[in-house]
Amino acid sequence: MSAKGRHWVMLWLLLFLVVAVIVTARQTSAISISGRLTKVRENRTALEAQRAELQHRIRELSGRQALGRLAEQSLGLHAPSDSEIVLLKIPANPDEHP
């Protein structure tokens with residue numbers, strides 16, 4: 001039994017439809033992945049901006065002025081005046097006693 005012309009046409013048509021379905025499914029998947037990738041990139045950009053802001057706040061709050069204000073408020077400390085500063089001299093030879 002040999003395949004007739006109409007069988008070959010049906011076979012090629014079926015093969016074409018299978019390939020078309022595969023290509024359509026692949027492109028649909030690519031569009032979906034592209035959308036998710038765009039969202040991930042936007043999320044990353046937002047997180048990088050938040051990180052930069054937090055690093056700026058850390059630098060700002062760990063600076064001398066901010067730490068000085070915090071020490072004054074919470075610990076009751078203050079910056080010394082000139083009369084409160086005492087310079088200590090350390091002898092070059094530890095065996096010497098003044």
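This is a short walk through the structure above, from its overall form down to single residues. Please keep in mind that the model is predicted.

Let us begin with the fold as a whole. The chain contains 2 helices and 0 strands. Its radius of gyration is 38 Å, whereas the globule rule gives 13 Å for 98 residues, so the chain is more spread out than a compact globule. The C-alpha trace tells a similar story in terms of extents, spanning about 120 × 40 × 15 Å along its principal axes.

What does this form leave on the outside? Of the 98 residues in the chain, 2% are buried. The accessible surface adds up to about 10000 Å², and carbon and sulfur atoms account for 63% of that area. Charge is spread along the chain as well: there are 13 positive and 9 negative side chains, and the centres of these two sets are separated by 33 Å.

Now to helix α1, which runs over residues 5–61. A few pairs of C-alpha atoms help to give a feeling for distances here. A3 sits in the segment before α1, and 28 residues further along the sequence comes I31, at 41 Å from A3 in space. A46 is in helix α1, and its C-alpha atom is 54 Å from that of M10, with the two positions 36 residues apart in sequence numbering. L17 also has its place in helix α1. Between L17 and P80, which are 63 residues apart along the chain, the C-alpha separation is 87 Å.

How covered are these reference residues? A3 has a relative accessible area of 47%, so it is partly exposed. L17 falls into the partly exposed class because its relative accessible area is 45%. A46 counts as partly exposed too, with 45% relative accessibility.

The surface also carries a nonpolar patch, formed by W8, L11, W12, L15, V19 and V23. Together these residues offer about 630 Å² of accessible area. One of them, V23, lies in helix α1. With a relative accessibility of 40%, V23 is classed as partly exposed, and residues need over 30% to be considered for a patch, so V23 can take part.

Finally, let us look at the charged contacts. How many salt bridges are counted in the model? The count comes to 1 salt bridge. E48 and R44 form a salt bridge, and their closest N and O atoms are 3.1 Å apart. The cut-off for such a pair is 4 Å, so this distance falls within it. Where do the two partners sit relative to each other along the helix? E48 and R44 are 4 residues apart in helix α1, which means that about one helical turn separates them. Their accessibility can be placed on the scale as well. E48 has a relative accessible area of 44% and is therefore partly exposed. R44, at 57% relative accessibility, counts as exposed because the class begins over 50%.

To bring the picture together: the chain is more spread out than a compact globule, with 2% of its residues buried. Helix α1 holds V23 of the nonpolar patch, and the same helix holds E48 and R44, the pair joined by a salt bridge.

Definitions and conventions. Residues numbered from 1 in each chain as written. Predicted model: local features only at pLDDT ≥ 70, side-chain atom pairs only at ≥ 80, totals over all residues. Heavy atoms only, no water. Patch = residues over 30% accessible without salt bridge, like charges linked within 9 Å, V, L, I, M, F, W, Y side chains within 5 Å. Areas by Shrake-Rupley, 256 points an atom, 1.4 Å probe, with all protein chains shown as cover. Salt bridge = Lys/Arg side-chain N within 4 Å of Asp/Glu carboxyl O. Buried < 20%, exposed > 50% of the residue type's maximum accessible area, 1.4 Å probe, protein only. Rg over C-alpha atoms; globule rule 2.2 N^0.38 Å. Lys, Arg positive; Asp, Glu negative; His and termini not counted. Charge placed at Lys NZ, Arg CZ, Asp CG, Glu CD.
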